[in-house]
Amino acid sequence: MYIKLDKLMMKRLYTLFYLFIFIYISITGKLAYIQIYKGREYYNRTVRQSEIKVDLTSNRGIIYDRNGIPLTDVDKEKVLVVLKNRLISNNEKVILDTQTLNLIKSITKMSEAQIYTNLQKSSDIIEFKINNLDDDLERQIKNKRGMLIVEKTFRYSKDNILSHVIGYINEYDNVGVSGIEKAKDNYLKYNERQYVEVFLDAHSNVIPGSFRENREDNKNAKHIKTTIDYNIQRVVEEVMDKNRINGAVVVSNVKTGEILAMASRPNFDVYKIGDYVKSSGDELLNKAIQCTYPPGSVFKTIVALAAFEEGVVKEDEIFNCQGDIQVDGLTVRCWKEGGHGEQTFAEAFYNSCNTTFIEIGKRVGSEKILEMAKRMGLYEKVGIGLSEEKAGIMPKGDKAKGNAITNISIGQGDIEVTPLQVNQMTQIIANNGVYKRLYLFDSVLNQRMNEIEKFNKDKEKVIISPFIVNRVRDLMEGVVIQGTGRTAQGLEGESAGKTGSAESYIRGKKIVHGWFTGYHPFIDPKYAITVFVYDGKSGGGAAAPIFKEIIENINNN
């Protein structure tokens, strides 16, 4: 009997022992799982609840000019950071106490309304520009809940140089929206991160001495080197702003096809994009590539090339401009009232005579003229790698027949081009008929500024006979010496070019754009420069002087 009881007791004890072991192992395993496998996750969750990270840089690759001068991430300054969710709130509306509000007003010099407008942004971290800071104000900030001062490197410069080409990013997800930022986003978005880490106590106050600057290195970080020359770009923008130009300028290297400068006006402040999105203006448009305009008399360069190639005219042939010409019942007037009278074809080019060029256009025919326009790059996009770039517009079908030759001969009607396309045409002419596709991107750099990838460039090719091109180049020199481009005279080494005054209708209103495209110096050209002035009235009056001033400033720089 006792033996049976002992066996039963032992069996129960063994059961309890094994159950205890199982429970112990289960608890130990769970703890091990939490500590070993989930420990980092839980630690991070705890840290995230007690810390704030404020980025000190854009966390994007830097965009450089051709000489290694940074075009982004240059400006540094202290900013006031307000941790919005650490402030006193009333439901969804942030309400500041009087002391905090007055402190922010003292440092930022902003009105109460401006401060609250900024605080309504969706981000929990709001940055304010500091306009007034002394030791006392800095001490007050250090002792203030949910506020701190940090030094940041800003993505874009205060002078907004090259703004339309660089473009901008979406500040919420750091993704490129336009320009280079969009075109090369895959390269630029993978960069090292620099930030300041601030720890908070149980009452959401910043713990004194808890500031810690961190860097998350990325060995694969990349930067973009462009063909832009910062100094030339600065010259172009300064000249445009000084003369209050609404339009675009493109400067390229004749021999290589490198785009050295590209500017559009009006400009915009990249930190106030929202203001322009709602605007009825065209501040965000890159007029050099994103808008097409009738070329006007600049297109006569194409007509002259086609005419010489077809052998239908010589420079010394005499024409008589009486002020108008009729073609299939359509009367077209010359821009000069009463006409130019007797003149050679060369003089007609210098004077930009409409009636003479319509006569020449009739001899050549619209098909040959438009074919030349295509060869010279006025149909397709130039293809510099920016998604905003547009192709030219040329007449097709019936729009290229009959009396359409009148508009085709003088660059009007259904012909529209971008300033970039006109610059490509000019590069070909200045380079003796040798095409070098204009390009903007040079290479990809690593953190040590070493080249790790080279962007492909098209091989050069001869578009038109150098003999034909040189005849047109002589005509373009005459435009500056004795024709409509005399306002570009006086440069050392001289220049050559063609003016254009192009009629256009904007919302039913007639306006006249001003063009001048040319190259410098005349012998062994270095720069091809295209100037477009929106509603400039005339090319000789509005655009040619800008061309001259840009060259003067480049040479004196």
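Which domains does the lining of the largest pocket draw at least three residues from? Domain 1 (53-223) and domain 2 (230-556) each supply at least that many. The views below come from a predicted model.

**View 1. The largest pocket and what lines it.** Here you're looking into about 2000 Å³ of space. Of the 41 lining residues, those closest to the pocket centre are Lys-121, Glu-127, Phe-154, Glu-171 and Tyr-271. Sorted by class, the lining holds 15 charged, 14 nonpolar and 12 polar residues.

**View 2. Strands and helices around the largest pocket.** The strands giving at least two residues each to this lining are β1 (51-55), β3 (76-83), β6 (125-129) and β7 (147-153). On the helix side, α4 (112-119) and α10 (273-277) do likewise. The biggest giver is β6, with five residues.

**View 3. Phe-441 paired with Phe-455.** This is a tilted aromatic pair, with the ring centres 5.9 Å apart and 55° between the planes. Phe-441 belongs to strand β20 (residues 441-445), while Phe-455 is in the loop between β21 (451-454) and β22 (461-462), so the two rings tie together parts 14 residues apart in sequence. Phe-441 counts as buried because its relative accessibility is 7%, under the 20% cut-off. Phe-455 comes in at 12% and counts as buried too. Look also for Lys-184, which lies over the face of Phe-441 at 4.5 Å from the ring centre.

**View 4. A cluster of Phe rings.** Ring pairs join Phe-308, Phe-319, Phe-345, Phe-349 and Phe-357 into one group. Over the ring of Phe-349 sits the charged end of Lys-498, 5.7 Å from the ring's centre. Across the model, the aromatic pairs number 15.

**View 5. The largest cavity.** The model has three cavities of 30 Å³ or more, and this one has a volume of about 70 Å³. Its walls include Leu-71, Tyr-156, Ser-157, Asn-160 and Ile-161. Ser-163, Ile-166, Gly-167, Phe-268 and Val-270 are also in the lining. No charged residues turn up here: the lining has six nonpolar and four polar ones.

**View 6. The second largest cavity.** About 40 Å³ of space sits here, lined by Ala-306, Glu-309, Glu-310, Lys-368, Glu-371, Met-372 and Arg-375. Two helices, α11 (300-310) and α14 (366-375), each give two or more residues to this lining. The largest share, four residues, is from α14. By class, the lining has five charged residues, two nonpolar and no polar.

Technical notes:
Residues are numbered from 1 along each chain as its sequence is written. This is a predicted model: local features need pLDDT of at least 70, side-chain atom pairs count only at pLDDT 80 or more; totals for chains, interfaces and linings use all residues. Side-chain values use heavy atoms; hydrogens and water are left out. On a 1 Å grid over the protein atoms alone, a cavity is a set of points where a 1.4 Å probe fits but cannot get out, and a pocket is an open set with protein on both sides within 12 Å along at least five of seven lines; lining residues have an atom within 4 Å of a point. Grid points are joined across faces, edges and corners, and a volume is the space filled by probe spheres set on the points. Ala, Val, Leu, Ile, Met, Phe, Trp, Tyr, Cys and Pro count as nonpolar, Asp, Glu, Lys and Arg as charged, and the others, Gly among them, as polar. Domain bounds come from an automatic or database domain assignment. Rings of Phe, Tyr and Trp (its six-membered ring) pair if their centres lie within 6.5 Å; planes under 30 degrees apart count as stacked, over 60 as edge-to-face and the rest as tilted. Buried means under 20% relative accessible area, exposed over 50%, partly exposed in between (1.4 Å probe, protein chains only). A charge sits over a ring if NZ of Lys or CZ of Arg is within 6 Å of the ring centre and within 35 degrees of the ring normal.
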